[in-house]
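Visitor: I am new to reading protein models, and I would like a close look at one single part rather than a quick tour of everything. Could you take me slowly through one helix and the parts that lie around it?

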Amino acid sequence: MMSFYDALETRPAAEREAALMAALPGVVSHARARAGAYAELLREVDAAAVASREALSRLPVVRKSELLARQQAARAAAGSAPVHDPFGGFAAIGWAGLPHATGARRVFQSPGPIYEPEGAAADYWRMARAIHAAGFRAGDLVHCSFSYHLTPAGSMMETGAHAVGCTVFPGGIGNTELQLQAVAELKPHGYIGTPSFLRILVEKAEETGQRLSFTKAMVSGEALPPSLRQWFAERGIAAFQCYATADLGLIAYETPAREGLVVDEGVIVEIVRPGTGDPVPEGEVGEVVVTTLNPDYPLVRFGTGDLSAILPGPCPTGRTQQRIRGWLGRADQTAKVRGMFVHPGQVAEVLRRHPEARRGRLVVEGEMANDRMTLKVEADGAPAGLAERIADTIRDVTKLRGAVELLPPGSLPNDGKVIEDARKYD
């Protein structure tokens with residue numbers, strides 16, 4: 001019989017959607033009231049009116065680059081002063097001397113550096129749902145090989161495992177021989193960490209004839225290709241993956257159905273056309289944009305920079321939340337052409353100016369110092385002069401010349417690419 005973490009996973013989809021949309025105005029109002037960055041970004045927004053996905057889609061997307069820029073600006077403005085906001089105005093918690101003087105249990109540093117707070121709520125990062133779906137249960141001993149140093153991954157997984165009722169061995173990263181000794185002597189039931197380090201542990205153990213006690217694993221931080229999943233299965237380890245970030249916590253997780261990733265109950269996920277905030281149709285690949293219900297770090301329309309797509313229908317396990325296909329690449333496809341950067345947002349602006357254009361892909365070809373740009377455009381029919389008008393818009397928006405190729409609808413691959421760099425560098 002299928003086991004669920006809680007009743008939220010199987011509630012009617014319409015009931016869930018109604019609950020999320022009912023909570024949304026409060027999320028926006030709280031973010032604007034408690035987080036200085038959103039007070040600025042959403043100052044013209046009527047929070048009470050943001051009660052639907054359509055209304056949400058009209059709010060600005062905040063991408064990681066802006067979060068980093070605001071944190072850097074806050075540090076620069078503070079100079080040598082003892083007080084500044086390390087979170088760039090996005091957090092509603094902190095410690096003495098910050099805009100919010102309480103609430104932060106930990107603070108982490110991710111590459112950038114970007115600082116993220118952890119609040120005091122149990123299972124703050126909401127990882128328990130994913131860990132439970134991977135087969136972990138109360139009483140299990142978990143060997144956690146995510147980093148406990150600087151970044152939040154170790155804390156994310158440990159607090160989620162504790163919420164399930166597991167005991168955790170904090171292995172961290174590296175020290176392979178010592179970790180294998182701990183596995184041999186403690187005999188943990190499962191592993192949580194990156195798939196690459198799990199493979200290292202298994203291979204090192206096999207070299208000495210040791211058989212690991214792991215029968216299950218929840219992996220993240222890297223891709224889990226089918227070949228590696230099968231490699232683990234052949235050694236008695238059922239591996240599941242989850243999709244989480246240091247800013248948002250859990251976004252989606254794998255279930256025994258192995259059909260995409262089920263979206264977490266504590267977030268609202270949109271898939272938007274890269275370089276824009278415009279939602280794409282179901283099934284089309286785009287950038288994952290997330291609004292979290294976390295009051296401590298109330299990120300509204302946070303662009304992850306990752307590509308995915310919505311899968312149709314519910315999960316075969318009975319979970320009724322929407323599903324995504326998983327990680328399909330990065331949305332940041334900026335290319336440097338003849339000394340100038342071209343961004344996905346510029347491609348989107350070119351298409352926006354021509355209603356006949358549906359989708360487009362800018363292909364950059366040639367050899368070094370001989371770049372050529374061609375914007376391939378799906379268009380309804382081919383009105384006279386359309387290609388020439390689009391070419392003029394390309395020059396106006398990018399300050400570069402580019403050719404235009406008109407295609408019938410459905411011609412471009414559904415892979416989320418807006419800019420394809422096909423140049424040769426050898």
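Guide: What follows is a walk along helix 1, then across to the strands beside it, and at the end a brief look elsewhere in the chain.

Please keep in mind from the start that this is a predicted model. Helix 1 covers residues 13-34, and its 22 residues, at 1.5 Å a residue, should span 32 Å, which agrees with the 31 Å between its end C-alpha atoms. Along the way there is a kink of about 30 degrees at L24, shortly before the proline P25. Both L24 and P25 belong to the buried residues of helix 1, and with them are R16, L20, M21, V27, V28 and A31. An α-helix has 3.6 residues a turn, so residues three or four places apart point the same way. As you look at the buried residues of helix 1, you can ask what covers them, and the answer includes helix 2 (36-41), helix 3 (53-56), strand 11 (267-272) and strand 12.

Two of these neighbours deserve a slower look, since helix 1 lies across strand 11 and strand 12, running at about 90 degrees to strand 11. Strand 11 and strand 12 are part of an open sheet of four strands, whose order is 1-13-12-11 and whose pairing is mixed. At the edges of this sheet are strand 1 (62-63) and strand 11, each of which pairs on one side only. Strand 1 pairs with strand 13 (residues 302-308) in the parallel sense, over two bridges, and in one of the places where you can follow this, R63 has G303 in strand 13 as its bridge partner.

Strand 12 spans residues 286-292, and T291 is one of its residues. T291 counts as buried because its relative accessibility is 0%, where the cut-off for buried is under 20%. If residues up to four places away in sequence are set aside, T291 touches L24, V27, L56, V267, I268, L299, V300 and R301. In that list you will recognise L24 and V27, which are among the buried residues of helix 1, and L24 is also where the kink lies. The side chain of T291 has a polar atom that lies 3.0 Å from the backbone nitrogen of R301.

Going back along the chain, the segment before helix 1 holds D6. With a relative accessible area of 24%, D6 is partly exposed, and its side chain is joined to the side chain of R129 by a polar contact of 2.9 Å.

For a view beyond this region, you can turn to strand 2 (residues 104-110) and strand 3, which pair in the antiparallel sense over six bridges. These two strands form a hairpin with three residues between them, and G112 in the turn has a positive phi of about 150 degrees. V107 has P117 in strand 3 as its bridge partner. Five of the six residues of strand 3 (residues 114-119) are buried, so strand 3 is largely enclosed by the rest of the structure. There is also an open sheet of nine strands with mixed pairing, in the order 5-4-6-7-8-9-10-15-14.

Notes:
Residues are numbered from 1 along each chain as its sequence is written. This is a predicted model: local features need pLDDT of at least 70, side-chain atom pairs count only at pLDDT 80 or more; totals for chains, interfaces and linings use all residues. Side-chain values use heavy atoms; hydrogens and water are left out. Buried means under 20% relative accessible area, exposed over 50%, partly exposed in between (1.4 Å probe, protein chains only). A polar contact is a pair of N or O atoms within 3.5 Å; within protein, one must be able to donate a hydrogen and the other to accept it, and residues adjacent in sequence count only if both atoms are side-chain atoms. Contact means heavy atoms within 4.5 Å. The expected span of a helix is 1.5 Å times one less than its number of residues. The bend at a residue is the angle between axes fitted to the seven residues ending there and the seven starting there. Two strands pair if DSSP finds at least two bridges between them. Axes are lines fitted to C-alpha atoms, for helices over the stretch in contact, and angles run from 0 to 180 degrees between N-to-C directions.
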